[in-house]
Amino acid sequence: MGRAPQDTPAGLWTYLLLSVTFLLAAFPLYWMFVIATSDDQALAKLPPAVIPGNQFMVNINEVFSLQDVYFAASLVNSVIVSTVVTASVLFFCSLAGFAFAKLRFKGSRALMLVVVLTLTVPNQLGIVALYIVMSKLGWNGTLLAVIAPGLVTAFGVFYMRQFIVNTVPDELVESARMDGASTMRVYANIVLPAIRPAMAVLGLLTFVATWNDFQWPLITLSGTDFPTSMVAVSDLASGNYVIYRRVLAGAFVATVPLLVMLFIGGRQIVRGIMEGAVKS
Amino acid sequence: MSTTRAAPAPSSHRAAPERGRSGGDDRRLTWRNRLYRFDMRYMPYLMIAPFFLIFLAFGLFPLLFNGVVSLRNYRLDDPTLPYWAGVENFSKLLGDEDFWNALYNTFGIFLLSTVPQLLLALVVASLLNRKLRAQTWWRVGILLPYVTPIVASTMVFSVFFSRDFGMANWVLGLFGLGGGDTPIDWRADKPHAWIAIATMVNWKWIGYNALLYLAAMQSISKDVYEAAAIDGAGPWKQLWRITVPLIQPIIVFTVVLSTIGGLQLFTEPMLFDLNSQAATGGPNGEWQTIGQLIYKVGWKDLNLGYAAAMSWALFVITLIIAGLNTLLTNRLAGGRK
């Protein structure tokens with residue numbers, strides 16, 4: 001009798017291959033830690049070093065006390081940018097998602113179609129003009145230039161709409177209306193409590209993407225003393241003589257917040273990616 | 001009582017002006033009615049406005065404005081040039097060796113990263129699609145690369161692919177390839193540099209794509225597999241003959257996604273360079289991508305007009321390739337049915 005793959009208990013080979021996949025996925029991160037904790041000799045070894053050293057604090061101190069790269073400030077900037085963008089995406093996308101999912105207004109179908117179409121517009125291709133826009137606004141070199149374009153995303157609106165359509169019953173919205181609740185009241189008292197899981201997913205995905213963004217922060221913040229942490233890490237590696245234990249120590253520090261998020265919210269991130277996939 | 005009054009009757013707005021003239025209580029009612037009408041009619045637009053405003057200002061407008069800038073002389077270091085350049089930027093583009101070289105590199109790296117990436121993602125997804133112990137942990141585990149900043153992982157890979165003490169050469173040496181005396185210089189020629197960069201891209205995105213595929217695989221009806229197993233199809237055959245054709249829409253989706261991402265490749269080639277600030281992608285542009293060249297022309301050579309022309313060209317190329325991809329993938333996957 002044949003069985004569907006998802007009902008077939010995995011055999012030894014499956015576990016073996018998955019373990020190899022996992023090791024390949026994890027190794028660069030582990031090795032980043034190894035070098036971040038080692039001295040200069042570790043890189044010039046064959047076979048390569050695979051055991052962490054005891055120089056972590058030394059390397060970290062060096063990274064944080066550099067004169068030309070303000071690493072601590074750049075981490076603070078990354079926290080500010082990612083937090084503000086995430087909070088704003090959650091608020092504006094859930095509002096718009098709610099409007100598209102449950103409110104009746106003229107042109108809502110056409111406007112939603114526009115949202116979906118914008119999903120395929122790669123912002124990066126307008127980067128030269130975006131830079132000019134920002135310089136007209138006088139925002140280049142400030143965190144505003146990094147924050148503003150990310151305040152609300154098409155993916156977020158789309159994701160929230162799908163979730164609200166499926167989880168918030170029309171009857172609940174109707175009855176709240178009958179009781180005289182305003183639209184914002186319905187949003188606050190009925191929609192918000194119902195979409196917590198989706199907020200967690202969208203929040204995690206947005207935070208990760210914003211934290212990891214490199215090209216635009218590099219362009220708009222270059223030449224400033226206080227860029228984001230991704231630009232700061234690339235600055236660590238830009239001299240003539242690059243000290244890799246230092247670069248990777250910095251890279252490791254800038255990666256840790258995301259590893260913590262994956263550890264805490266892994267289940268949500270996985271679900272978010274998988275749900276986003278099926279529906280799009 | 002008060003709730004009934006506050007609750008708006010559908011017809012009340014017509015009666016409202018008349019009642020509004022008499023007495024304070026009624027006037028409040030009118031005020032409420034107006035608020036209510038505003039809430040019903042205009043609130044939805046207010047709620048979706050932030051998205052459209054932000055998208056217009058920082059998404060669509062720059063994309064189109066790029067087209068205008070590409071027809072201009074826009075040098076950051078020389079504002080005295082005549083305003084319009086006409087098609088000069090574009091005609092320069094056609095004869096620009098750097099541009100064609102970058103385009104060639106971009107496509108090379110794009111093919112080396114997209115094809116293995118999606119094939120391996122399929123295999124990983126089909127492994128994850130079995131009944132597993134600690135299922136969630138496997139799924140979270142393969143997402144480690146996805147949450148790792150490209151800036152950080154590129155630094156690591158950059159060291160892996162160093163000539164003398166790099167892990168890549170050491171591993172190849174274990175298999176008797178590339179040997180100790182003649183280590184591969186990964187930054188010396190196109191094929192090696194492309195492979196190195198494609199490896200970084202593949203590492204980053206296989207797990208993510210595998211989850212997309214897994215999601216689609218789980219919605220396939222189990223009966224199909226039972227029928228196939230009765231016909232004697234093994235797991236490998238099932239994957240290619242049943243699973244792949246049935247998850248075709250998501251495959252098209254990932255192909256389009258990786259096309260858009262692949263043609264804009266920037267961070268990996270930038271930071272693979274030992275002198276990353278130069279943005280040249282190797283001493284002779286061995287791995288300079290279009291994304292990188294746009295950055296170099298715009299912000300190193302300070303010629304924003306010309307950089308805009310390149311962005312615009314890349315935009316058009318992306319549209320064409322994405323369209324072709326959709327057609328091709330549809331036909332390939334659909335032809336099996």
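This is a short tour of a predicted two-chain model, going from the chain–chain interface to the parts of chain B.

Before you start selecting, note that local features need pLDDT of at least 70 and side-chain atom pairs count only at pLDDT 80 or more, while totals for chains, interfaces and linings use all residues. Residues are numbered from 1 along each chain as its sequence is written, chains are lettered from A in the order in which they are written, and side-chain values use heavy atoms, with hydrogens and water left out.

**Stop 1: chain A against chain B**

Colour the two chains separately and select the residues in contact (heavy atoms within 4.5 Å): you should have 106 from chain A and 94 from chain B. Together the chains bury about 9000 Å², with 78% of that on carbon and sulfur atoms; buried area here is the accessible area (1.4 Å probe) that two parts lose on being put together, summed over both.

Now pick D39(B) and R177(A), whose closest N and O atoms are 3.7 Å apart in a salt bridge. The rule is a side-chain nitrogen of Lys or Arg within 4 Å of a carboxyl oxygen of Asp or Glu, and the count between these chains is 1.

Next, show helix α13 of chain A, residues 244–279 (helices are DSSP runs of H or I, at least four residues, numbered from the N terminus). Helix α13 gives the most to the side of chain A that touches chain B, with 18 residues. That side of chain A divides into 77 nonpolar, 21 polar and 8 charged residues, with Asp, Glu, Lys and Arg counted as charged and Gly among the polar.

**Stop 2: the two domains of chain B**

Hide chain A and select residues 21–69 of chain B as domain 1, then 97–335 as domain 2; the bounds come from an automatic or database domain assignment. Their C-alpha centres are 42 Å apart. The contact uses 5 residues of domain 1 and 6 of domain 2.

How much area do these domains bury between them? About 420 Å², 76% of it on carbon and sulfur atoms. Show L63(B), N66(B) and V69(B), which supply 81% of the area that domain 1 buries against domain 2. The rule finds 0 salt bridges across this interface.

**Stop 3: annotated spans in chain B**

An unreviewed UniProt entry lists several transmembrane regions in chain B, including 140–161 and 193–215; such annotations may be inferred rather than shown by experiment. Select 140–161: the span is 77% helix, and its end C-alpha atoms lie 27 Å apart. Finish on 193–215, which is 100% helix, with 34 Å between the end C-alpha atoms.

Technical notes
Helices (H or I, at least four residues) and strands (E, at least two) are DSSP runs, numbered from the N terminus.
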